[in-house]
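Grab a pencil and open the viewer. Try each task yourself before you read the solution.

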Amino acid sequence: MPVGRARRRADDSARGFSRLSRATFIGGIALTATLFAAGAWQRRWIADDGLIVLRTVRNLLAGNGPVFNVDERVEANTSTAWTYIVYFFSWLTEIRLEYVVLGIALTLSVLAIVIAMLGTARLWGGTGSALLLPAGVLVYIALPPARDYATSGLESCLVIFWLAVLWWGMVRWSQAERVRPAGFLALVFFAGLAPLIRPEMTLVGALALLMLFCAPTPATRLRAWQFRALIVAVAGLLPIAYQIWRMGYYGLPYPNTAVAKDAGGAKWNQGLTYLWDLVGPYWLWLPLLILLVAGVVLARQRRSELSGGSHSHSNASETRKPGWRGRIDSFSHRLRTPAAVVALMLGSGFVLTVYEIRVGGDFMHGRMLLPQVFCLILPVAVLPVRLPHKLAAGAAGTRRMELASVVVLAAFAGVAGWAVFAADTTAITTGTKIRANGIVDERIYYVLNTGHDHPIRAEDYLDYPRIRAMVRDISNSPDGALLLSSPSFTNWYLVPAPVPEGNGEHVVFFLNLGMTSMNVPLDVRVIDQMGLAYPLASHTDRLTDGRIGHDKNLYSDWVVVDTGMVDKHPWMPSFLDEKWTTQAKTALSCPETEAMLASVRGPLTFDRWRHNVMQSLDFAKYRIDRVPKYEIQRCGLVDPTQQPK
């Protein structure tokens with residue numbers, strides 16, 4: 001056969017393979033995104049905690065500021081970015097809030113999968129060199145919790161979207177022949193958003209920024225130290241500005257949810273229980289192990305390909321300096337490599353897992369481990385299958401490629417088979433009964449308790465026990481009252497406001513803040529015993545053996561006094577003690593407690609804002625005893641019930 005004809009046939013074959021590769025990849029993205037979107041839509045809902053965000057958005061839209069209750073500056077949402085994203089699109093569209101958040105959540109969740117696959121495709125060389133099969137992404141979308149929290153109204157969708165975009169950007173940066181300063185600084189700014197996405201994402205953002213800071217700087221007119229100073233400024237501009245504002249406005253260095261849940265505490269045993277609660281029922285370790293083996297085989301094959309051809313853009317022709325300067329220079333250049341970016345994501349997944357185990361996990365099945373799973377599957381979101389004729393490396397290279405292709409195809413088949421099993425697995429079968437370990441299938445719990453297959457709107461939660469009765473009792477008490485939950489699902493205890501001071505103010509003291517606050521007007525104050533939206537409760541000590549995520553519980557006696565309601569029988573429910581309310585009134589006069597409450601209730605003058613900034617760390621650490629008698633002793637006050645008459 002003439003050489004020219006053979007060359008044309010080879011070119012035609014290469015073009016055909018390239019078209020097949022591109023079609024396979026695009027088809028894989030479309031199929032995976034469709035499956036995830038369909039699975040998430042099938043399980044669509046908005047969690048009670050998701051409705052908490054909407055209460056803050058309602059206050060923003062009403063001009064009351066980023067607060068949960070009008071009379072207290074409390075940051076009741078963990079993700080700052082999520083709150084303002086929902087606010088922006090709610091303001092822009094003027095559509096019902098529940099539908100806005102449902103649309104944003106589903107869109108970001110699906111986009112996260114797509115962008116993750118695009119980033120991993122770049123990692124493995126793009127669509128022209130191999131058939132790219134969805135693999136790691138199948139692990140994520142097959143997990144029922146991943147589909148549950150794709151539309152829950154919580155920030156889970158934003159977290160994985162941020163991780164996916166960071167992954168894509170870091171891979172792109174590591175492979176670029178020439179790094180453009182503008183694109184580089186955009187990546188730096190995006191990585192710097194980590195603490196606003198969710199506080200623990202700061203671990204990932206800090207590692208990414210450290211890598212970008214220590215790697216060789218792009219070619220600019222600035223000196224290296226000047227450009228690195230610019231990196232620090234760009235990365236810290238928004239988060240530091242918000243942090244200073246937060247400390248002055250809320251009087252805390254982090255969201256109030258971290259105070260309420262004592263996020264710095266350690267509950268290792270509970271954390272391990274939470275980890276196994278996700279890994280065990282779905283056999284999650286199996287696909288992760290399969291993908292690890294496939295990833296190692298592919299990495300070794302990739303190294304062989306690169307060693308047989310040109311070296312990496314950053315290591316090909318660099319002149320190394322002798323001695324320790326040369327070692328530092330070599331390390332710096334190694335940071336801008338795909339291998340370093342892979343190590344970043346795998347290391348982030350490991351560090352986040354250890355952190356989550358340390359704090360005890362969560363009460364929602366699987367939710368707080370989803371970002372960790374996402375980090376671990378990113379380098380193998382798709383797997384490349386290279387055909388032997390694509391590598392002209394002799395018989396040895398062909399054998400390595402054939403072995404790698406067999407391993408990848410076996411891994412794809414194994415993961416796909418596992419995904420079918422996991423997608424239909426029900427890990428928690430107790431329904432509305434909370435298990436002894438405190439972990440619950442949150443979606444099913446609310447589906448069964450409300451009687452709605454898809455509880456999305458606030459009024460869907462009126463069918464949750466006590467909520468419809470709450471609305472009725474508020475309407476029937478025009479002079480104002482404190483509503484305390486009773487054993488009956490159809491009635492509340494009402495503690496009236498003093499007469500003639502009754503001004504129509506209503507306060508609801510209930511754990512389920514979202515459904516409660518979204519079914520009442522903004523002038524109804526809604527507070528909870530664990531302190532997500534109530535500073536007095538959040539600053540109590542953590543219960544040693546309390547349910548994870550619910551291990552604070554303020555007694556109602558405090559609330560009667562704090563809200564100024566009638567603190568005497570028979571107006572108080574019989575289970576409340578007049579002695580305790582008397583002691584609580586004295587305990588609330590503790591100077592440190594008064595200062596803490598003034599930081600969020602006092603008028604926000606410049607002096608107040610400055611004082612809050614200076615005292616925010618002390619306010620964050622401040623704790624009171626939930627038993628009034630012991631709180632009086634802690635503060636060194638005189639117990640009025642022990643005084644001689």
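Below are four exercises on this structure, each with a worked solution.

This is a predicted model: local features need pLDDT of at least 70, side-chain atom pairs count only at pLDDT 80 or more, and totals for chains, interfaces and linings use all residues. Residues are numbered from 1 along each chain as its sequence is written, and side-chain values use heavy atoms, with hydrogens and water left out.

**Exercise 1: the disulfide**

Find the disulfide and work out which parts of the chain it links.

Step 1. Start with the term: a disulfide is a pair of cysteine sulfur atoms within 2.5 Å. The structure holds 1 of these.

Step 2. Now look at Cys590 and Cys635, whose sulfur atoms sit 1.9 Å apart. Turn the view along the S-S bond and you get 85°, a right-handed link.

Step 3. Place the two ends. Cys590 is in the loop between helix H24 (578–587) and helix H25 (591–601), and Cys635 is in helix H27 (residues 628–635). They're 45 residues apart, so the pair links distant parts of the chain. Helices here are DSSP runs (H or I, at least four residues), numbered from the N terminus.

Step 4. Check the surroundings. Buried means under 20% relative accessible area, exposed over 50%, and partly exposed in between, using a 1.4 Å probe and protein chains only. Cys590 has 1% and counts as buried; Cys635, with 18%, is buried too.

**Exercise 2: a cysteine without a partner**

Explain why Cys375 has no bond to Cys157.

Step 1. Take the sulfur of Cys375 and look for the closest cysteine sulfur, which is in Cys157.

Step 2. That gap is 16 Å, so it's too far for a bond.

Step 3. Is Cys375 buried or exposed? Its relative accessibility is 0%, so it counts as buried.

Step 4. Widen the view to helix H17 (residues 370–377). Since 7 of the 8 residues of H17 are buried, this helix is largely enclosed by the rest of the structure. Among the buried ones are Leu370, Gln372 and Ile377.

**Exercise 3: H7 beside H17**

Describe how helix H7 (residues 156–175) packs against H17.

Step 1. Two packed helices are described by the angle between their axes and the distance between the axes. Axes are lines fitted to C-alpha atoms, for helices over the stretch in contact, and angles run from 0 to 180 degrees between N-to-C directions.

Step 2. The H7 and H17 axes come within 10 Å and cross at roughly 20°. That makes the two roughly parallel, a label for angles under 35 degrees.

Step 3. List the residues in contact (heavy atoms within 4.5 Å). From H7 come Val159, Ile160, Leu163 and Ala164, and they meet Pro371, Phe374 and Cys375 in H17.

Step 4. Sort them by class: 7 are nonpolar, with no polar and no charged residues. Nonpolar covers Ala, Val, Leu, Ile, Met, Phe, Trp, Tyr, Cys and Pro; charged covers Asp, Glu, Lys and Arg; the others, Gly among them, are polar.

**Exercise 4: H7 beside H10**

Do the packing description again for H7 and helix H10 (residues 202–214).

Step 1. Here the angle is about 15° and the axes are 12 Å apart. So H7 is roughly parallel to H10.

Step 2. Pick out the contacts: Trp162, Leu163, Leu166, Met170 and Trp173 in H7 meet Val204, Gly205, Ala208, Met211 and Leu212 in H10.

Step 3. Sort this set as before, and you get 9 nonpolar, 1 polar and no charged residues.

Note on methods. Angles under 35 degrees count as roughly parallel, over 145 as roughly antiparallel, 65 to 115 as roughly perpendicular and the rest as oblique.
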